[in-house]
Amino acid sequence: MMRLLLIGPPGAGKGTQAVRVAEHYGIPAISTGDIFRANVSEGTPLGLQAKDYMDRGAYVPDDLTNALVLDRLAQEDAGSGFLLDGFPRTLAQVSTLDECLQATDGGLDAVVQLVVDPDETVERLLNRAKVQGRSDDTEDVIRNRLAVYQEQTHPLVDVYRDRGILVSVDAQGDVGAVTDRIFAALAGRL
Ligand code: AMP
């Protein structure tokens, strides 16, 4: 059983690393951003509600987000562990996750913080905008997403540090080197 969370600002490489790390440990990578984007492109009711928030770089309200995650964690493939990417992002979401995991047999094993220089994240996101064409990768929206991260999500780093499960990894440079740093940091803990 391995329950992991990747946390870090937009542009830190969470999505890329989540896929690699989850594959290595044989657990599903659960990305709330990916689930929201799939709902938006399929035009589901959830997608229609989420789209305006996403396009502004604001967080989707906790009630919608929590329901989506609880539903996903209840699926069979998450029964033997998972790697969360992009959830929890608020203190209220931390409480929801805590309650959900307490109902089974324990909490997260480790929280991996991806640490990057803020100027580099803006650059990475602008490059991604050219490659993937995400509607929330324009410069104004990127700056808003970074501000929202600092205000609402960065405080979670202290919460998990206080619990003694935070692992901080330098997320700059080569993708494979960052993955190796994550494995090395987790090796001592799992
Ligand atoms: P991401 O792909 O993780 O950068 O997420 C893209 C967008 O989806 C965010 O800017 C939010 O609008 C929304 N989103 C993803 N995860 C969450 C979450 N845990 N809480 C609220 N909104 C979220």
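The largest pocket in this structure is the space taken by the ligand, so let us begin there, keeping in mind that the model is predicted.

Around the ligand stand 15 residues, and T32, R37, A58, G86 and Q93 are the closest of them. If you sort the residues of this shell by character, you will find six nonpolar, five polar and four charged. Which element gives the most to the shell? That is helix α2, spanning residues 32-42, which supplies four residues.

Now look at how the protein backbone meets the ligand. A polar backbone atom of A58 lies 2.7 Å from an oxygen atom of the ligand. At V60, a polar backbone atom is 3.0 Å from a nitrogen atom of the ligand. G86 also takes part through its backbone, where a polar atom is 2.8 Å from a ligand nitrogen. How much of the ligand's accessible area does the protein cover? On its own the ligand has 480 Å² of accessible area, and the protein covers 96% of that.

From G86, one of the closest residues to the ligand, you can move along the chain to a feature of the backbone itself. The peptide bond that runs from F87 to P88 is cis, and its omega is near -5°. As a general background, most peptide bonds are trans. Where does P88 sit? You will find P88 in the loop that links β3 (81-85) with α5 (91-102).

Let us finish with the charged side chains. When their charged atoms come close, side chains of opposite charge can pair. How many salt bridges does the structure hold? There are eleven salt bridges in the structure. One to pick out on screen joins the side chains of K51 and D55, with 2.5 Å from N to O. Both K51 and D55 belong to helix α3, which covers residues 45-56. Along that helix K51 and D55 are four residues apart, or about one turn.

Methods. Residues are numbered from 1 along each chain as its sequence is written. This is a predicted model: local features need pLDDT of at least 70, side-chain atom pairs count only at pLDDT 80 or more; totals for chains, interfaces and linings use all residues. Side-chain values use heavy atoms; hydrogens and water are left out. A residue is near a molecule or strand if one of its heavy atoms lies within 4 Å of it. A polar contact is a pair of N or O atoms within 3.5 Å; within protein, one must be able to donate a hydrogen and the other to accept it, and residues adjacent in sequence count only if both atoms are side-chain atoms. Accessible areas come from the Shrake-Rupley method with a 1.4 Å probe; for residues, only the protein chains shown count as cover. On a 1 Å grid over the protein atoms alone, a cavity is a set of points where a 1.4 Å probe fits but cannot get out, and a pocket is an open set with protein on both sides within 12 Å along at least five of seven lines; lining residues have an atom within 4 Å of a point. A molecule sits in a cavity or pocket if more than half of its atoms lie within 2 Å of its grid points. Helices (H or I, at least four residues) and strands (E, at least two) are DSSP runs, numbered from the N terminus. Ala, Val, Leu, Ile, Met, Phe, Trp, Tyr, Cys and Pro count as nonpolar, Asp, Glu, Lys and Arg as charged, and the others, Gly among them, as polar. A salt bridge is a side-chain nitrogen of Lys or Arg within 4 Å of a carboxyl oxygen of Asp or Glu.
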